[in-house]
Amino acid sequence: MQSQTNPYFCRIAAITVGIALLLSLPSVAQERWKVLPPTPKLPQATKSGYAAVNDIQMWYAEFGEGSPVLLLQGGLANSDYFGTLEMFLVQHHFRVIVADSRGQGRSSRSAQPYSYHLMASDVLALLDYLKLDKVDLVGWSDGAIIGIDIAIHHPERLNHLFAFGANTDPSGVIAGGDNNPVFVAYVKRAGDEYRRLSQTPDQYDAFLKQIGRMWETEPHYTAAQLKSIKVPTTISDGQYDEIIKQSHDVYMASTVPGARLVILPKVSHFAMLQNPPLFNSAVLAALSVH
């Protein structure tokens, strides 16, 4: 087989072209990965509400018209973190759906133990509620792991998967990364946002304890499961991600057949806040892959 058709060389080519494009952007502050910019706000939604899925009320909102793309936030966060991306994708003629994962943002939670497979089933139930057979999925951190779960178990529901800051095994997490000052600031902010948005504003500590049990033991997707993924997939991360090992990004991208690896320079786990044009362009490129 000639090198230009080899998936490995296709990934390298994609990375090289992507980095060349990104480095052509205007110069910016050199250490933006060391700051946590403000959380953006979502604009007025075309439609929003609560969907009864499994044993929770899941908040969602829709914007624009066109091909549907679902945005899933990271752990502790809420859909507002995708405010800039949402407006960008609407401008590019996508129908954008955002949803707060169970117990996070505006969505309720139950006493049922957390798992990524459970949260993936919440998402599938939401798609059924919205009568969407198939979507592009953009996931960040926990949202990316949920996307990987769906790509493994229900590939028929996805057109593309953009997974940013994911891990498929606890070994992919940097020990002590949660002590990084940027990550510490994020956890504090997430608590403040929880108290402002949640239906149970006085239960943040209980929620943290509940979801923390999942983080201690999950996810555990095998190499065989990753090799079974047929959805066009982009594995992406920030060059200075505080909690995900870059070697793990390489592992995931080299294991999922045909996956693209896109490492965004000079940003961290919070790239969508630190450099929105860079993050948005990477997402749009991933959704354009054939």
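Let's start with the two faces of strand β7, and here both are covered: Thr233, Ile235 and Asp237 are buried on one side, and Thr234, Ser236 and Gly238 are buried on the other. Buried means under 20% relative accessible area, while exposed is over 50% and partly exposed is in between, using a 1.4 Å probe on protein chains only. Strands here are DSSP runs of E with at least two residues, helices are runs of H or I with at least four, and both are numbered from the N terminus. β7 covers residues 233–238, and six of its six residues are buried.

Quick word on where this comes from: it's a predicted model, where local features need pLDDT of at least 70, side-chain atom pairs count only at pLDDT 80 or more, and totals for chains, interfaces and linings use all residues. Residues are numbered from 1 along each chain as its sequence is written, and side-chain values use heavy atoms, with hydrogens and water left out.

Okay, back to β7. Which strands does β7 pair with? One is β6, residues 158–164, which runs parallel to β7 and is joined to it by four bridges. Two strands pair if DSSP finds at least two bridges between them. The other is β8, residues 260–264, also parallel, over five bridges. Keep your eye on Ile235: its bridge partner in β6 is Ala163, and in β8 Ile235 stands opposite Leu261. To get from β7 to β8, the chain goes through helix α8, residues 246–255, in a right-handed β-α-β crossover. Right-handed means that, with the strands pointing away from you, the path from the first strand over the helix to the second runs clockwise.

Now the core. The largest nonpolar core has 88 residues, and Leu89 and Phe279 have the most contacts inside it. A core like that is a set of buried Ala, Val, Leu, Ile, Met, Phe, Trp, Tyr and Cys residues joined through side-chain atoms within 4.5 Å. Beyond its neighbours within four places in sequence, Leu89 is in contact (heavy atoms within 4.5 Å) with Val69, Leu71, Phe94, Val96, Val283 and Leu287. Phe279, Val283 and Leu287 are among the buried residues of helix α10.

Next, aromatics: there are 16 aromatic pairs. Rings of Phe, Tyr and Trp (its six-membered ring) pair if their centres lie within 6.5 Å; planes under 30 degrees apart are stacked, over 60 edge-to-face, and the rest tilted. Take Tyr186 and Phe270, a tilted pair at 4.8 Å centre to centre with 45° between the planes. Tyr186 is in helix α5 (181–197) and Phe270 is in the loop between β8 and α9 (271–274), so the pair ties together parts 84 residues apart in sequence. Tyr186 and Phe270 are both buried. Then there's Tyr194 with Phe207: their centres are 5.5 Å apart and their planes at 15°, so that pair is stacked. Tyr194 is in α5 and Phe207 in helix α6 (residues 204–217), 13 residues apart.

Which residues form one aromatic cluster? Tyr81, Phe82, Trp140, Phe183, Tyr186 and Phe270.

One last residue: Ser101 sits in the loop between β4 (94–99) and α3 (116–129). Buried or exposed? Ser101 is buried, at 4% relative accessible area.

Zooming out, the protein chain has 10 helices and eight strands, and 55% of its 290 residues count as buried.
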